[in-house]
Amino acid sequence: MNDFLKKLAGMVLPSWMDKGEPQKLLKAVQTFWAEVYDWITWPLRQFDPLTCNETILGLIAWDRDISRFNGEPLKLFRRRVAYAFVNAADAGSVAGFINIFDRLGIGYVELLERQPGIDWDVILVRVTDSQISDNTQLMIQIIRQYGRTCRRYQFEVITSESLAIRAGWDQGEYVVYPARIAGTETSSATFSASIQGE
């Protein structure tokens, strides 16, 4: 809410006029001027892809070379159009590619280049299985539009598991007593051990 609408909503009448017809008149004036403000600022809002009309959004998307894939939600399409310039600038680096995934709401991703045992032009994209299942078309579109030329991309699924380990400390003692039986030619030994905990 901007300053004008805040001032408009914050208007109050004096206590002796705060009831009845003057209160209704104030509400009507606030509603009317909020509508007028909406009419005046409508053309300015059409330049913002996150709030513009859907028809105008298609024109902005065409200008920014963004095409809507099948089944893409409108909210995601608006976000892709809004961040088109920034995503195009970030497309060349690993950190920028990770930022693209983050901006579009995919989440955590790892990019690994030139791994041993894999061809040098393959870039590994590590994501979770839920990210692949929820955003399959989006991830393919990102790689198609912002991926490096002459590089192949391979998806790897990483799974995170939560693990709870309890750690403790046990102090013990290991004692060995060698023994020899006297008067015998063969010697044998008897060992005993004790562990003492505190």
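**View 1. The largest cavity holds about 60 Å³ of space.** The model shown is predicted. A search of the whole structure finds 2 cavities of 30 Å³ or more. Lining the largest cavity are Ala-91, Ser-93, Val-94, Phe-97, Leu-111, Glu-113, Ile-123, Arg-148 and Tyr-153. Helix α6 (94–103) and strand β1 (110–113) are the elements that each give two or more residues to this lining. By class, the lining has 6 nonpolar, 1 polar and 2 charged residues. Glu-113 and Arg-148 are among the lining residues to label here.

**View 2. The second largest cavity has a volume of about 40 Å³.** Its lining comprises Ile-66, Arg-80, Asn-87, Leu-104, Leu-138, Gln-141, Ile-142, Gln-145 and Tyr-146. Helix α8 (residues 136–146) provides the largest share of that lining, 5 residues. The class split is 5 nonpolar, 3 polar and 1 charged. Rolling a probe the size of a water molecule over the atoms reveals where empty space is left.

**View 3. The largest nonpolar core contains 27 residues.** Ile-66, Val-81, Phe-97, Phe-101, Leu-138, Ile-142 and Tyr-146 have the most contacts inside this core. Two or more residues come from each of α3 (54–63), α4 (74–82), α6, β2 (122–127) and α8. The largest share, 5 residues, belongs to α8. In soluble globular proteins, nonpolar side chains tend to be buried together. Some core residues also appear in the earlier views. Phe-97 is in the core and lines the largest cavity. Ile-66, Leu-138, Ile-142 and Tyr-146 are in the core and line the second largest cavity.

**View 4. Ile-142 and its contacts beyond four places in sequence.** Leaving aside neighbours within four places, Ile-142 touches Phe-97, Ile-100, Phe-101, Leu-104, Ile-106 and Gly-147. Two of these partners, Phe-97 and Phe-101, are listed with Ile-142 among the core residues with the most contacts. Leu-104, another partner of Ile-142, lines the second largest cavity, as does Ile-142.

**View 5. Thr-41 sits in helix α2 (residues 21–45).** Is Thr-41 buried or exposed? Thr-41 is buried, because its relative accessible area is 13%, under the 20% cut-off. A polar atom of the Thr-41 side chain lies 2.8 Å from the backbone oxygen of Tyr-37.

Methods: Residues are numbered from 1 along each chain as its sequence is written. This is a predicted model: local features need pLDDT of at least 70, side-chain atom pairs count only at pLDDT 80 or more; totals for chains, interfaces and linings use all residues. Side-chain values use heavy atoms; hydrogens and water are left out. Helices (H or I, at least four residues) and strands (E, at least two) are DSSP runs, numbered from the N terminus. Buried means under 20% relative accessible area, exposed over 50%, partly exposed in between (1.4 Å probe, protein chains only). A polar contact is a pair of N or O atoms within 3.5 Å; within protein, one must be able to donate a hydrogen and the other to accept it, and residues adjacent in sequence count only if both atoms are side-chain atoms. On a 1 Å grid over the protein atoms alone, a cavity is a set of points where a 1.4 Å probe fits but cannot get out, and a pocket is an open set with protein on both sides within 12 Å along at least five of seven lines; lining residues have an atom within 4 Å of a point. Grid points are joined across faces, edges and corners, and a volume is the space filled by probe spheres set on the points. Ala, Val, Leu, Ile, Met, Phe, Trp, Tyr, Cys and Pro count as nonpolar, Asp, Glu, Lys and Arg as charged, and the others, Gly among them, as polar. A nonpolar core is a set of buried Ala, Val, Leu, Ile, Met, Phe, Trp, Tyr and Cys residues joined through side-chain atoms within 4.5 Å. Contact means heavy atoms within 4.5 Å.
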